[in-house]
Each structure stands twice: as C-alpha cells, then as structure tokens.
Amino acid sequence: MNDWTLYRSFLTVLRRGSLSGAARALGLTQPTLGRHVEMLEAGLGAPLFTRSQSGLTPTPLALSLKPHAEAMETAAEALLRQASGEAGAVRGTVRISASEMIGGAVLPSMLARFQAAYPEIALELSLSNSQDDLLRRESDLAIRMVRPTQDALLARQIGELAIGFYAHRSYVERHGLPAGLQELGGHILIGYDKDETVTRGVTLDGLRITRDLFRYRVDNDLAQWQALLAGVGIGGCQEKLAARNPDLVAVLPGKIRLRYGVWLVMHEDQRDNRRIKLLFDFLGEEMRRYLT
C-alpha cells in the first residue's frame with residue numbers, strides 16, 4: 001500500500017491514540033479514519049491496532065511502520081512547501097528551524113519585518129534544540145550553533161553568540177550576588193533537567209557544569225528565560241537579550257561567559273529558490289546586526 005492518505009491517517013491515530021482524536025486533528029470524521037485504517041490493514045494483511053480500555057494500542061507491526069510513515073510525512077510536507085510557489089516567485093511557504101531561544105525570543109521581530117515586506121510568503125517556524133535534517137528537507141533554512149559538515153549544505157557563519165549568567169534585581173535584593181565561582185553552590189541556579197546538550201563538557205574556571213549544580217531544572221530555554229525574569233534564580237542568558245532588560249544584573253561577568261558560533265544553513269539545491277534565498281539573505285543581515 002503506497003497511498004499517503006492512508007498512512008497519514010494511520011500515523012495520526014498512532015500519535016493520538018484514538019480515532020476520535022485523530023479525526024479532530026485531521027478535520028475528518030471518525031468513520032473515515034476507521035475506514036482508512038481498515039483499508040491499510042487489509043492491504044498489509046495484518047492488524048495495526050488492538051482496542052483496549054485506554055484506547056487503541058499499536059501492534060508491533062504498527063510500531064515498526066512508524067519511522068517509515070514519518071519519512072513519508074516529511075517528504076510530503078517538503079513537497080507541499082516546494083509546490084506552494086514557483087521557484088522564482090515571491091510567494092509560497094518557507095520553513096525555518098531554530099533553537100527555542102533564537103526562535104522564541106529573537107526571530108519574531110525579524111520575521112515580522114520580513115512578512116511586512118513579503119506578505120505572500122507563509123512562514124513556518126520549528127522550535128527545537130535538536131538539529132532538523134535539511135538533507136531530508138525537514139526544514140528549508142536553519143539557524144545552528146554547530147557548524148554543518150555535510151557537503152550538500154550551504155552554510156554562512158553570521159557571528160558569535162555570547163552567553164553570560166544573570167539574575168533579576170529582585171533575586172539580587174533577596175540573596176545578593178556570589179563573589180566568586182566557589183559561592184555559586186549557595187545560590188539557586190536555573191538550568192537543564194535531562195538535556196545536557198548545551199553544557200556537555202563545559203567547565204568554568206575548573207567548575208564543571210552538571211545537573212547537580214542546578215536547583216531549578218527545566219529542559220526548555222524559554223521556560224528558563226521566564227524563570228530568570230521572574231527572579232527565581234541565576235541563569236544563563238544571551239548577552240544581547242539581557243541588554244534589552246535593565247532589571248537583569250550580570251553575575252561574575254569576568255568569569256562566566258560562553259561563546260557559540262552561529263551559522264545560517266540551507267540546502268544547496270535551494271539556492272535558486274527565490275523566496276528561500278530572500279529569507280536566507282534577510283536573516284543573514286538581521287542576525288549579523290543582532291550579534292554585533
């Protein structure tokens with residue numbers, strides 16, 4: 001069976017755990033979703049779900065098909081974006097991948113200016129600290145903190161991102177500031193819970209950054225940012241973002257400072273796609289101004 005419609009229904013049922021939930025997600029009726037699953041099962045000659053008290057339970061076959069259905073989904077989405085406008089047209093859809101903080105706190109004002117200039121271009125923003133695979137066309141553009149190594153990708157370094165530690169004035173009024181790294185253990189530090197991607201292997205003047213150092217833990221950069229602004233504790237923050245908020249006080253600025261290179265990346269096959277190239281060049285200039 002190679003009908004993407006059936007596999008899309010199957011994948012949505014698998015994710016939602018019920019026909020009713022999948023029907024709401026896809027805007028279809030529950031009987032229609034049921035028929036799609038039945039047609040796929042008939043074509044495969046084996047069941048994909050068993051009914052249980054908690055809903056539909058996927059069979060081993062269903063779980064084995066999931067990564068292949070997700071690959072079909074990625075290809076279908078890329079196809080729709082490509083078909084949404086001619087390569088030389090200033091309309092259609094562009095999907096951007098960025099980290100949670102870049103996408104949630106830095107890009108919105110930039111993308112607002114871009115859409116004001118090109119209102120017929122629809123933008124999709126994928127917020128994740130994992131790297132979307134541009135080779136498989138999960139996104140059209142990406143802003144990355146790691147230099148891409150694949151030959152098929154066109155990468156432009158647009159600057160460096162400096163991160164320091166900060167605390168809100170309300171926290172400083174209650175707890176004061178550490179005089180040195182050795183006093184950090186006496187403060188509430190905001191950091192990661194299970195995702196150590198950013199801090200893996202990082203040391204500060206001999207102090208290794210580990211989970212145990214943090215007393216407020218959350219694996220979401222925007223949630224960490226909001227905790228910092230709420231005066232919960234001391235946390236890492238982009239220096240450029242901190243400069244926008246006069247209530248944030250630098251903590252040990254001479255001792256705690258991290259730097260990351262920033263790259264803007266696209267697939268080399270997209271260099272002649274006008275709408276993607278327009279956004280690539282636009283974000284290159286906007287991000288360069290932001291980082292300098």
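## A tour from Leu252 to helix H9

Start at Leu252, which sits in the loop between strand E12 (248–251) and strand E13 (257–267). Keep in mind that this is a predicted model. Check the backbone torsions here. Leu252 has a positive phi of about 45 degrees, although it is not a glycine. Most residues other than glycine have a negative phi. Is Leu252 buried or exposed? Its relative accessibility is 12%, under the 20% cut-off, so Leu252 counts as buried.

**Zoom out.** Show the whole chain as a cartoon. You should find nine helices and 13 strands. The chain has 292 residues, and 44% of them count as buried. Switch on the accessible surface. The total comes to about 15000 Å², with 50% belonging to carbon and sulfur atoms. A contact map is worth a look too. Take the contacts between residues at least 6 apart in sequence: 74% of these join residues at least 24 apart.

**Select 92–127.** This range takes you from strand E3 to strand E4. E3 covers residues 92–98 and E4 covers residues 121–127; the two pair in the parallel sense over seven bridges. Between them the chain passes through helix H5 (residues 100–117), and this β-α-β crossover is right-handed. For a single bridge, pick Ile96. Which residue of E4 is its bridge partner? Leu125 is.

**Select His36.** This residue belongs to helix H3 (residues 30–44). His36 is buried, because its relative accessible area of 13% falls under the 20% limit. Now display its surroundings. Leaving out residues up to four places away in sequence, His36 touches Thr5, Leu6, Ser9 and Leu28. Which of these side chains makes a polar contact with the side chain of His36? Ser9 does, at 2.7 Å.

**Finish at H9.** Select residues 274–291, the 18 residues of helix H9. Put a distance between the first and last C-alpha. The helix reaches 25 Å, close to the 26 Å expected at 1.5 Å a residue. Look next at the start of H9. There, a side-chain oxygen of Asn273 comes to within 3.3 Å of the backbone nitrogen of Arg275.

Then colour H9 by burial. The buried residues are Arg275, Ile276, Leu279, Phe280, Leu283, Gly284, Glu286, Met287, Tyr290 and Leu291. Look down the helix axis with this list in mind. An α-helix has 3.6 residues a turn, so residues three or four places apart point the same way. Charged residues appear in the list as well: Arg275 and Glu286 are among the buried ones.

Conventions. Residues are numbered from 1 along each chain as its sequence is written. This is a predicted model: local features need pLDDT of at least 70, side-chain atom pairs count only at pLDDT 80 or more; totals for chains, interfaces and linings use all residues. Side-chain values use heavy atoms; hydrogens and water are left out. Helices (H or I, at least four residues) and strands (E, at least two) are DSSP runs, numbered from the N terminus. The expected span of a helix is 1.5 Å times one less than its number of residues. Buried means under 20% relative accessible area, exposed over 50%, partly exposed in between (1.4 Å probe, protein chains only). A polar contact is a pair of N or O atoms within 3.5 Å; within protein, one must be able to donate a hydrogen and the other to accept it, and residues adjacent in sequence count only if both atoms are side-chain atoms. Two strands pair if DSSP finds at least two bridges between them. A crossover is right-handed if, with the strands pointing away from the viewer, the path from the first strand over the helix to the second runs clockwise. Contact means heavy atoms within 4.5 Å. Accessible areas come from the Shrake-Rupley method with a 1.4 Å probe; for residues, only the protein chains shown count as cover.
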